[in-house]
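Trainee: Could you take me through one part of this model slowly? I'd like to hear about the charged pairs and what sits around them.

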Amino acid sequence: QVQLVESGGGLVQAGGSLRLSCAASGRIVSIETIDWYRQAPGKRREWVATITRAGTTNYVDFVKGRFTTSRDNAQNTMYLQMNSLKPEDTAVYYCNADVHDGTYLKKYWGQGTQVTVSS
């Protein structure tokens, strides 16, 4: 079994920064594409960013230039650096990873971490 554990959320003032981590553990041969999502209260979960195993990144327009995703393949850990945070960035943030366990390629979700940005 594979687990994704997120950390790094919290309360920050507008304009501040947070760095989210997503650590994968368990039966892992490789981690392929990783996506970050967020879900604000009363809203649907929305995609935020993607990073491939090769390190290619893609971002939703409203975070471009503010958020950066990265990964440490040796440590099976992924990061989302969030700068210039705005109150509308308040949400629970989730990582989602395609993990190969040697037999299957499956998607796994982290438990989510709360990010609250005060004005």
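**A close look at the salt bridges**

Mentor: Sure, and keep in mind that this is a predicted model. Let's begin with glutamate 46 and arginine 38, which form a salt bridge whose closest N and O atoms are 2.8 Å apart. What makes a pairing like that possible? Side chains of opposite charge can pair when their charged atoms come close. Now look at how each partner sits. Glutamate 46 is partly exposed, at 31% relative accessible area, while arginine 38 is buried, at 5%.

Arginine 38 has another partner too: a salt bridge joins arginine 38 to aspartate 89, with 2.9 Å between the closest N and O atoms. Because arginine 38 belongs to strand β4 and aspartate 89 to the loop between β8 and β9, this pair ties together parts that are 51 residues apart in sequence. Is this pair buried or exposed? Both arginine 38 and aspartate 89 are buried. Step back a little and you'll find a network of salt bridges that links Arg38, Glu46, Arg66 and Asp89.

The count for the model comes to five salt bridges. One of them brings together the side chains of lysine 107 and aspartate 98, at 2.9 Å from N to O. Here lysine 107 counts as exposed, at 52% relative accessibility, but aspartate 98 is buried, at 14%.

So much for the charges; what's around them? Try tyrosine 93. Leaving out residues up to four places away in sequence, tyrosine 93 touches Arg38, the arginine from our network, along with others including Glu6, Leu20, Phe67, Leu80 and Met82. Tyr93 is also among the residues with the most contacts inside the largest nonpolar core, which has 30 residues; Leu4, Trp36, Phe67, Met78, Leu80 and Met82 are the others named there. Several strands give two or more residues to this core, among them β1, β4, β8 and β11. The largest share, five residues, comes from β9.

Finally, pick out methionine 82, which is found in strand β8. Methionine 82 is buried, with a relative accessible area of 0%. Beyond its neighbours within four places in sequence, methionine 82 is in contact with Arg66, a member of the salt-bridge network, and also with Phe67 and Tyr93, among others. Glycine 65 is 17 residues from methionine 82 in sequence, and their C-alpha atoms are 9.6 Å apart in space. If you trace the contacts yourself, tyrosine 93 touches both Arg38 and Met82, and methionine 82 touches Arg66.

Terms used
Residues are numbered from 1 along each chain as its sequence is written. This is a predicted model: local features need pLDDT of at least 70, side-chain atom pairs count only at pLDDT 80 or more; totals for chains, interfaces and linings use all residues. Side-chain values use heavy atoms; hydrogens and water are left out. A nonpolar core is a set of buried Ala, Val, Leu, Ile, Met, Phe, Trp, Tyr and Cys residues joined through side-chain atoms within 4.5 Å. Buried means under 20% relative accessible area, exposed over 50%, partly exposed in between (1.4 Å probe, protein chains only). Helices (H or I, at least four residues) and strands (E, at least two) are DSSP runs, numbered from the N terminus. Contact means heavy atoms within 4.5 Å.
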